[in-house]
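Student: Could you take me on a close look at one part of this model, the sheet and how its strands are put together?

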Amino acid sequence: VTGASFVVFNGALKTSSGFLAKSSIVEDGLMVQITRETMESLRQALRDKKDFKITCGKTDTGDVKEYVDICWVENEEKANKG
């Protein structure tokens, strides 16, 4: 589990790169590089307020170790509004 101040989703990852998706820590945030198709699915999931899971790693390995989970929660924090 990694805590981050911000998350950047980059939809420019080419399918020919050999990766499903790539995640990396950038300063105090997280950058997730995904394909255009995954970006479209992510945007739809955000519009529909549905959880979404991004699998990171190479396409040819069955040994995937990283996931980026976007989860909606029931309770809203009241702290730090604004």
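Tutor: Happy to! Let's start from a single residue: alanine 21 stands opposite isoleucine 34 in E3. Keep in mind that this is a predicted model. Strand E3 covers residues 29-34, and six bridges join it to E2, the two running antiparallel. Between E2 and E3 lie two residues, making the pair a hairpin. If you look at the turn, you will find glutamate 27 with a positive phi of about 50°.

Now go back to alanine 21 and look the other way, towards E4. There, its bridge partner is glycine 57. Phenylalanine 19 has a bridge partner in E4 as well, namely lysine 58. The pairing of E2 (residues 19-26) with E4 (residues 52-58) is antiparallel and rests on two bridges. As a general reminder, strands of a sheet pair through backbone hydrogen bonds, in either a parallel or an antiparallel way.

With those neighbours in place, you can step back to the whole sheet. It is open and has five strands, in the order E1-E3-E2-E4-E5, with mixed pairing. Strand E1 (7-10) and strand E5 (66-70) are at the edges, and each has a single partner strand, so one side of each is left without a neighbour in the sheet. From one strand to the next, the twist averages 35°.

Conventions:
Residues are numbered from 1 along each chain as its sequence is written. This is a predicted model: local features need pLDDT of at least 70, side-chain atom pairs count only at pLDDT 80 or more; totals for chains, interfaces and linings use all residues. Side-chain values use heavy atoms; hydrogens and water are left out. Two strands pair if DSSP finds at least two bridges between them. Helices (H or I, at least four residues) and strands (E, at least two) are DSSP runs, numbered from the N terminus. Axes are lines fitted to C-alpha atoms, for helices over the stretch in contact, and angles run from 0 to 180 degrees between N-to-C directions.
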